[in-house]
Amino acid sequence: MNSNRRIFFYRGGSQGKPPVYFLPLAIIIGLVIFALLAVFGLVIGIAIGIAVIVFGAARFISSFGKKKKVHTATRENGRTTIILDTEDYEVIEKKKGS
């Protein structure tokens, strides 16, 4: 018997190490994708910021035309009673039988 055994492995051209240009290409593609996502995130952030500012300004401006209603509140025996004006409520009469 032969006591000197040798095993040889064949590595073909498509297996093994990746080509030399693969790592720089992957880095460049990764940076381009990161830059695109950053730009889209910035645009979306600016749009949301503008929408919040416009909504806040519209809410602030619309509050000028309205009168603030003043209600009187009285405390009796530990209970608070709020007295409303006649313009602050509406009486709905319920029909009998319904």
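## Asn 77 and its turn

Start with Asn 77, which has 82% relative accessibility and therefore counts as exposed, since the cut-off for that label is over 50%. This is a predicted model, and Asn 77 sits in the loop that links strand S1 (72-76) to strand S2 (79-83). Its backbone is worth a look too: phi of Asn 77 is near 55 degrees, a positive value in a residue other than glycine. For context, most residues other than glycine have a negative phi.

## The hairpin

S1 and S2 make a hairpin, with two residues between them. The strands run antiparallel, and five bridges join S1 to S2. If you want to trace the pairing, Ala 73 has Ile 82 in S2 as its bridge partner, while Glu 76 stands opposite Arg 79 in S2.

How many of the five residues of S1 are buried? The number is zero, so S1 lies largely in the open.

## The helix and its nonpolar patch

Helix H1 covers residues 22-62, and Val 32 lies in it. Is Val 32 partly exposed or exposed? Val 32 counts as partly exposed because its relative accessibility is 46%, and partly exposed spans the range between 20% and 50%.

Val 32 also belongs to a nonpolar patch on the surface, along with Ile 28, Leu 36, Phe 40, Ile 44, Ile 48 and Val 52. Together these residues have about 690 Å² of accessible area.

## The chain as a whole

Zooming out, the protein chain has one helix and two strands. Read from the N terminus on, the elements go α-β-β.

What percentage of the 98 residues of the protein chain counts as buried? The figure is 0%. As for the surface, the accessible area of the protein chain comes to about 10600 Å², and 66% of that belongs to carbon and sulfur atoms.

## How confident the predictor is

The protein chain averages a pLDDT of 82, and 81% of the residues score at least 70. Broken down by element, H1 has the highest mean pLDDT, at 94, and S1 the lowest, at 78. A general caution applies here: where pLDDT is low, the predicted coordinates should not be read in detail.

Technical notes: Residues numbered from 1 in each chain as written. Predicted model: local features only at pLDDT ≥ 70, side-chain atom pairs only at ≥ 80, totals over all residues. Heavy atoms only, no water. Patch = residues over 30% accessible without salt bridge, like charges linked within 9 Å, V, L, I, M, F, W, Y side chains within 5 Å. Areas by Shrake-Rupley, 256 points an atom, 1.4 Å probe, with all protein chains shown as cover. Salt bridge = Lys/Arg side-chain N within 4 Å of Asp/Glu carboxyl O. Helix = DSSP H or I, 4+ residues; strand = E, 2+ residues; numbered from the N terminus. Buried < 20%, exposed > 50% of the residue type's maximum accessible area, 1.4 Å probe, protein only. Pairing = 2+ DSSP bridges. pLDDT = per-residue confidence, 0-100.
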